[in-house]
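The following exercises are to be worked with the sequence and the coordinates at hand. Each task is followed by a solution in steps.

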Amino acid sequence: MSRAPTRVTTIPLARPVLGEAEESAVLEVLRSGYLSLGPRVGEFERAFAARVGAPLASAVSSGTAGLHLALRAVGVQRGDEVITSPFSFVASANVALYEGARPVFADIDPVTLNLDPEAAAASVTERTRALLPVHIFGYPAAMPAFEALAARHGLGLVEDACEALGAVHADGTPVGGRGHPAVFGFYANKQLTTGEGGMITLADAALKERIDSERNQGRAPDMGWLDHDRLGFNYRLSDVACALGLAQLDRLDEMLVARASVAQRYREALAGVEGLELPCPDCGGDRRGWFVFVVQLPRGVDRDGVVRALAAEGIQSKPYLPAIHLMSFYRERLGCRAGQFPVCEDVAARSLALPFFPAMDEGQVARVALTLKGLLEA
Ligand SMILES: Cc1ncc(COP(=O)(O)O)c(C=O)c1O
């Protein structure tokens, strides 16, 4: 009798937590007929602002849209420079280009992988208009240092918090609650998802008014449907998405705890592999909001080969993140080249995102860790 081959179930990179609460929240909106510009938008904004301790929030169609509007709100214009991290998702640099400004990269801290405040300070010129630090992989950026730098040079400050919902600074302020615009993303792999979507948290009511107008085709709140007093965009978030966001917000704490415990299991299972670097532990009172579990492979390991070997075992993984300044578009557009940001380049060349989601069970973590260890120790 021939044996049926054992089927290996694939462990995906990410998987959202969606249940009956989300279904009924969305159904309620569908039945109400208010699919957009309805009451759920304000409700989601208020609940989200309260969650991160910010006075105000504006819901937008994506993290990218939020970063674009936030940069405009702090006054970035054509010819300006915006200092940001080369170790980020490409959108945090692209948004400066949308406005005809130049993203100026500075190297990252080798431990937190966030923009290094000293490298940022060394990059300030008379054209610098804003700083755009990124809380990469959910680890809080050194905001007190960036706030001091911004104050010293009169610069705008926008935080890319797209990966950092649930993170907390050493002084107890949640990421997004410091007052200047901070932008969250709600794509399907994020701590909270609305499918696509984003949120800008902030303290300044005048900035919120500008952002709310610009996300809605440049309409002022008291204007009719077809009257516009400034250039705007369609960066609105629908009521369907906001209802989903409200339901997700209700279960956020539970999802964050689950993510943190998956991370802890990985940390234990992958401890002691020579040359393998794990995400930095929380340090000095800063607390990570777990988004991804990204390791750096030992130097000299063939990362593509590891990705292929993991895939053959039914385990998804992804080189994450590539250095922005080495992407072909950035090389051509800004003349970037290898060797400019050695810390970022070393980290980006070795980074690998492993499967990571709240419902990941002990067996799945063990399977990923054992397979990876086996490959590295072979
Ligand atoms: C650091 C960072 N910035 C910006 C974005 C853009 O967000 P969105 O995909 O919602 O436009 C992302 C999303 O992946 C991100 O991870």
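**Exercise 1.** What share of the contacts in the chain with a separation of 6 or more comes from residues 24 or more positions apart?

*Solution.* The model is a predicted one. Among contacts with a separation of 6 or more, 70% are accounted for by residues 24 or more positions apart. The secondary structure of the chain comprises 13 helices and 10 strands.

**Exercise 2.** Determine how the radius of gyration of the chain stands against the value for a compact globule.

*Solution.* Step 1: a compact globule with 378 residues would have a radius of gyration near 21 Å. Step 2: the chain has 21 Å, and therefore agrees with that value. Step 3: along the principal axes, the C-alpha atoms fill a box of roughly 75 × 55 × 40 Å. Step 4: of the 378 residues, 55% are buried. Step 5: the accessible surface amounts to about 16,500 Å², and carbon and sulfur atoms contribute 53% of this surface.

**Exercise 3.** How far apart are the mean positions of the positive and negative charges of the chain?

*Solution.* The chain carries 37 positive and 45 negative charges. Their mean positions are 4 Å apart.

**Exercise 4.** Describe helix H7 from its N-terminal end to the residue just after it, including its packing.

*Solution.* Step 1: the N-terminal end of H7 is capped by aspartate 204, a side-chain oxygen of which lies 2.8 Å from the backbone nitrogen of alanine 206. Step 2: the helix spans residues 205-215, and its buried residues are Leu207, Lys208, Ile211, Asp212, Ser213, Glu214 and Arg215. Step 3: these buried residues pack against H2, strand E1 (56-60), helix H3 (63-73) and strand E8 (198-202). Step 4: glutamine 217, just after H7, has a positive phi of about 65°.

**Exercise 5.** Leucine 37 and phenylalanine 137 both call for a check of phi and of burial. Is each of them buried or partly exposed?

*Solution.* Step 1: leucine 37, although not a glycine, has a positive phi of about 55°. Leucine 37 belongs to the loop between helix H1 (20-32) and helix H2 (39-52). Step 2: its relative accessible area is 49%, so leucine 37 is partly exposed. Step 3: phenylalanine 137 also shows a positive phi, near 55°, and lies in the loop between strand E4 (128-132) and helix H6 (143-153). Step 4: a relative accessible area of 4% means that phenylalanine 137 is buried.

**Exercise 6.** Which residues does a cis peptide bond join?

*Solution.* The bond joins tyrosine 320 and leucine 321, with omega about 10°. Leucine 321 is located in the loop between helix H10 (303-312) and helix H11 (328-334).

Key:
Residues numbered from 1 in each chain as written. Predicted model: local features only at pLDDT ≥ 70, side-chain atom pairs only at ≥ 80, totals over all residues. Heavy atoms only, no water. Helix = DSSP H or I, 4+ residues; strand = E, 2+ residues; numbered from the N terminus. Buried < 20%, exposed > 50% of the residue type's maximum accessible area, 1.4 Å probe, protein only. Rg over C-alpha atoms; globule rule 2.2 N^0.38 Å. Contact = heavy atoms within 4.5 Å. Areas by Shrake-Rupley, 256 points an atom, 1.4 Å probe, with all protein chains shown as cover. Lys, Arg positive; Asp, Glu negative; His and termini not counted. Charge placed at Lys NZ, Arg CZ, Asp CG, Glu CD. Polar contact = N/O pair within 3.5 Å; in protein donor to acceptor, adjacent residues only side chain to side chain.
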